[in-house]
2 protein chains.
Amino acid sequence: MREIEKAIGIDIGGTKTAVAAVDGDGRMHASSHFETASKRGFSTCVSEVNEHVRRVLNEAKWAEDDLCGIGIGCAGPVNPARGTIHNPYTLPGWDNADIITPLQQAFRVPVRLENDADAAVVGESEFGAGCSVSPLIMVTIGTGIGGAVLVDGKLYRGVNGEHPELGHIPVTADGPECYCGIRGCWESIASGAAIGLAARAFGMADSYAVFAAAQNNPNAAATIQAAVSATAKATWTLLHTFLPHRIILGGGIGENYFELFADAMRQQISRATQIPKGNVEILKARLGNAAGVIGAAALAFQNSEVLSKIP
Amino acid sequence: MREIEKAIGIDIGGTKTAVAAVDGDGRMHASSHFETASKRGFSTCVSEVNEHVRRVLNEAKWAEDDLCGIGIGCAGPVNPARGTIHNPYTLPGWDNADIITPLQQAFRVPVRLENDADAAVVGESEFGAGCSVSPLIMVTIGTGIGGAVLVDGKLYRGVNGEHPELGHIPVTADGPECYCGIRGCWESIASGAAIGLAARAFGMADSYAVFAAAQNNPNAAATIQAAVSATAKATWTLLHTFLPHRIILGGGIGENYFELFADAMRQQISRATQIPKGNVEILKARLGNAAGVIGAAALAFQNSEVLSKIP
């Protein structure tokens, strides 16, 4: 019987941190989570991460020595080469925070940090809707809109090794103002946060209420239509920039309303004349709720990529 | 004295084909050109290409045996892996036209074919405004708008190995209809052809007249302003998708009015909050009129890339 590889995946979000024991087939053997509450201070959070790693190892009945590595997907910006988190917006108090060194010291295995969207595309590529197509784009529509691109199995990296900011593709001139610096970017119209903000103007509580009322309430219908149109426009941009073989749509909204968004995206493909459109496809993410931790663990299995050395 | 490498660069456009003898330092030793007139039939044109290759070899006093290869940049779409040209729009009659085989048979050296924008970015990278920064984007604003991306020295390739179609990034919802399938793409507003089309509506002959009159004529000023705004919007898209270290602006319009466009592009960089903007720069193309043939020759010097074998 072959020895299956074992890794720990850690998914650090603004609200929740999840930790899981994941094997080389992408199967989760144990998982755990806690509220990130980054304001408690970075070292307190790191201690809690360590404690949860030990907890899932214990639950999975894995020894520390069995691990091939630890992968971390974190709400960006992060610096994968230095192993540091720089996210004062989503993770207040964590700026230039070195997450690699304490985990390496505690578990003496290689530790790899990437932006959470990058972890997600690696996870879908290894264990989900990706397989070996290239270029592969993963778009997550949830509270925000994130994205990542894999080319020949490697993460696309921009200047300084940083990752694309696909949520801030411009889609309309007269949209809401975004923290990115312009009005009317994709995220400012089609994200859960944007739909929720629009909802409050016509007396609805959040994006869930808007989707639920879209059949009957004209305001809700218009808001969803704007989100779908923005996604179609951004898709046109992705088709003519990265020219992907496949776009995987994930995230809470992207998965729950997959057909709604995918239909509009496919219409863009079919009207395009300058791309090999017969070879471009839109797929739903397969890893669901576990995408974060499985993607994070997948980073540890990808040994060819940037991976910190054991200290 | 070191032996300097020698190559032939061939730049095939819809109107003109240029052939040059270029050395490994990017210096042109001889050049020649003729009207492409693709309708004459592919084999007639190939014969003329061969004749001009012999002519420049003769003028440069280079022997066929001295050549390390032949590089061809051609108005796309082209298939670099198969070495075929598929361009019924710009090169009527040339569809699935194999340009590699006849040149290999005639000169018995490796021959490489790429889209002309891809050849241009390789040329600027090797001999112009590119050096070793990554990612490097080359945008050409001329009759049309083209673009190409170099990542760690290699051409970014989309599905089927095809190249991005940066000219068809959407910039406004209410622009002119484009052959790409939407209204208001970058090329439909900011290309020489688009400016010329707009010009005729207010009685001017072409884009040259519009640029010349932009200081005094309100219609001309508005048309140029629309082109500059479209370029700014497309730049925002490039910044948040490919996240380049450097954008090189070339092409007739891009070079003649470089500061006008570059100012607007730099304003986009300075307002962006989600990219490492201190490390992103806009530079003017350096190879000028010879960019096509020098870029094509640069393909032949890049031996690590796809390069057809000697038959």
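Start by selecting residues 306-311 of chain A, where pLDDT (the predictor's confidence in each residue, from 0 to 100) stays under 50. The model has 19 contacts beyond four places in sequence for residues 306-311; a contact is a pair of residues whose C-beta atoms, placed from the backbone, lie within 7 Å. This is a predicted model, in which local features need pLDDT of at least 70, side-chain atom pairs count only at pLDDT 80 or more, and totals for chains, interfaces and linings use all residues. Residues are numbered from 1 along each chain as its sequence is written, while chains are lettered from A and ligands numbered from 1 in the order in which they are written.

Now colour chain A by confidence. Its mean pLDDT is 92, and 96% of its residues reach 70 or more. The model's ipTM is 0.91 and its pTM 0.92.

Next, show both chains. A rotation of 180° with 0.0 Å of shift along its axis lays chain A on chain B, at RMSD 0.0 Å (least squares on the C-alpha atoms of residues with pLDDT of at least 70 in both). The copies are thus related as by a two-fold rotation axis.

Select A:Ser134 and A:Pro135. A cis peptide bond joins them, with omega about -10°. A:Pro135 sits in the loop between α3 (116-127) and β9 (136-141) of chain A (helices are DSSP runs of H or I, at least four residues; strands are runs of E, at least two; both are numbered from the N terminus).

Finish at A:Leu243. Phi is positive here, near 50°, and the residue is not glycine. A:Leu243 counts as buried because it has 24 C-beta neighbours inside 10 Å (buried: 20 or more other C-beta atoms within 10 Å of its own, placed from the backbone; exposed: 12 or fewer; partly exposed in between).

Technical notes
Two residues are in contact if their C-beta atoms, placed from the backbone, lie within 7 Å.
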